[in-house]
Amino acid sequence: MFMSLLLWITPVLATPLVFYMLPRKLKRWILLKTFLNDTQKPQSDITYEAAILPHSELKQISENLWIVSGTLPQPGPKFNRNMTIFRIPKTNKLVLHSVICLNQTVREVLDSLGKVSYIIVPSSMHRLDARHYQKMYPKAKVVCPEGARSKMNGWVDIDNSVENILDTSSDYMGIKWLRVDGATASDKKPIELVYLLDLEDAENSKALCCSDIFFNINPESADFVTKMIGSANGFGMTSIGMIMAEDPGRVQQW
């Protein structure tokens, strides 16, 4: 019995160790072909109702900022995915970042906050429910980082890039996009950005909105696999982020 258990558990424990010993370029290639593969096509027959997964109520962070914490389809990583709802100060315009399908009750609360005007798809890893929102809010502009447009692969129709909308809009948006130094090569357009949001609570009060460049998973509540792959370290870069970044040292300095 003991030998059988040992034979079973040894490869399980050895696999992360072998992966850790590989050169960083090879590890990046493996991740892009497996865990971070973004070449899949969407399943067009999935309805909005079928796409609703367990999620929280809206949690208010500021006078004009809310989040909803949801889950991912299983089997798969047991990460939370957070949808951010930002209301542009002194307007009724809502900006949704990394949307997730909501149940009827929470969706009614969302609609009571204002008019959905912009939907930000943060990257190709956060496009799962974007097409449902595009259908629900056809007048909203759907945007993503310029470097991520080619990676949407039919999941959602992108109206414009985040950079172009925020840099050329004549209207006050209350959002500033930032490029994280070292996340991508300097001669390439970033596939993911982070955002500074103007809050209404106090003058010069701001919030930082990000997705995969930085994680914020509590190690005390994380599952075993999340801890094992180094993604439950509180706020900061994960082990996977360190592998995928072009220059991890510059990202950490940023």
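**Strands, a helix and some unusual backbone angles**

Asn204 is exposed, with a relative accessible area of 67%, where exposed means over 50% relative accessible area, buried means under 20%, and partly exposed covers what lies in between, for a 1.4 Å probe and protein chains only. The model is a predicted one, in which local features need pLDDT of at least 70 and side-chain atom pairs count only at pLDDT 80 or more, while totals for chains, interfaces and linings use all residues. Residues are numbered from 1 along each chain as its sequence is written, and side-chain values use heavy atoms, with hydrogens and water left out.

Asn204 lies in the loop between β9 (194-198) and β10 (206-209); helices (H or I, at least four residues) and strands (E, at least two) are DSSP runs, numbered from the N terminus. Although Asn204 is not a glycine, its phi is positive, at about 65 degrees. Most residues other than glycine have a negative phi. Ser98, in the loop between β4 and α4, is also not a glycine and has a positive phi of about 60 degrees, but Ser98 counts as buried, at 4% relative accessibility.

On one side of that loop stands β4 (93-97), which runs antiparallel to β3 and is joined to β3 by 4 bridges; two strands are said to pair if DSSP finds at least two bridges between them. Within this pairing, Ile85 has Leu96 of β4 as its bridge partner. The hairpin of β3 and β4 has 5 residues between the strands, and in this hairpin Lys90 takes a positive phi near 65 degrees. β3 is also joined to β2, by 6 bridges, and these two strands again run antiparallel, with Asn82 in β3 as the bridge partner of Ser69. Of the 7 residues of β3, 6 are buried, so this strand is largely enclosed by the rest of the structure.

On the other side of the loop that holds Ser98 comes α4, a helix of residues 104-113 whose buried residues are Val106, Leu110 and Leu113. Seen down the axis of α4, these buried residues fall within an arc of 55 degrees, so they line one face of the helix; the arc is that of the directions from the helix axis to the C-beta atoms. Thr105 and Ser112, on the other side of α4, are exposed. What covers the buried residues of α4 includes β2 (65-70), β3 (81-87), β4 (93-97) and α5 (130-136), where contact means heavy atoms within 4.5 Å. Just after α4, Gly114 takes a positive phi of about 160 degrees.
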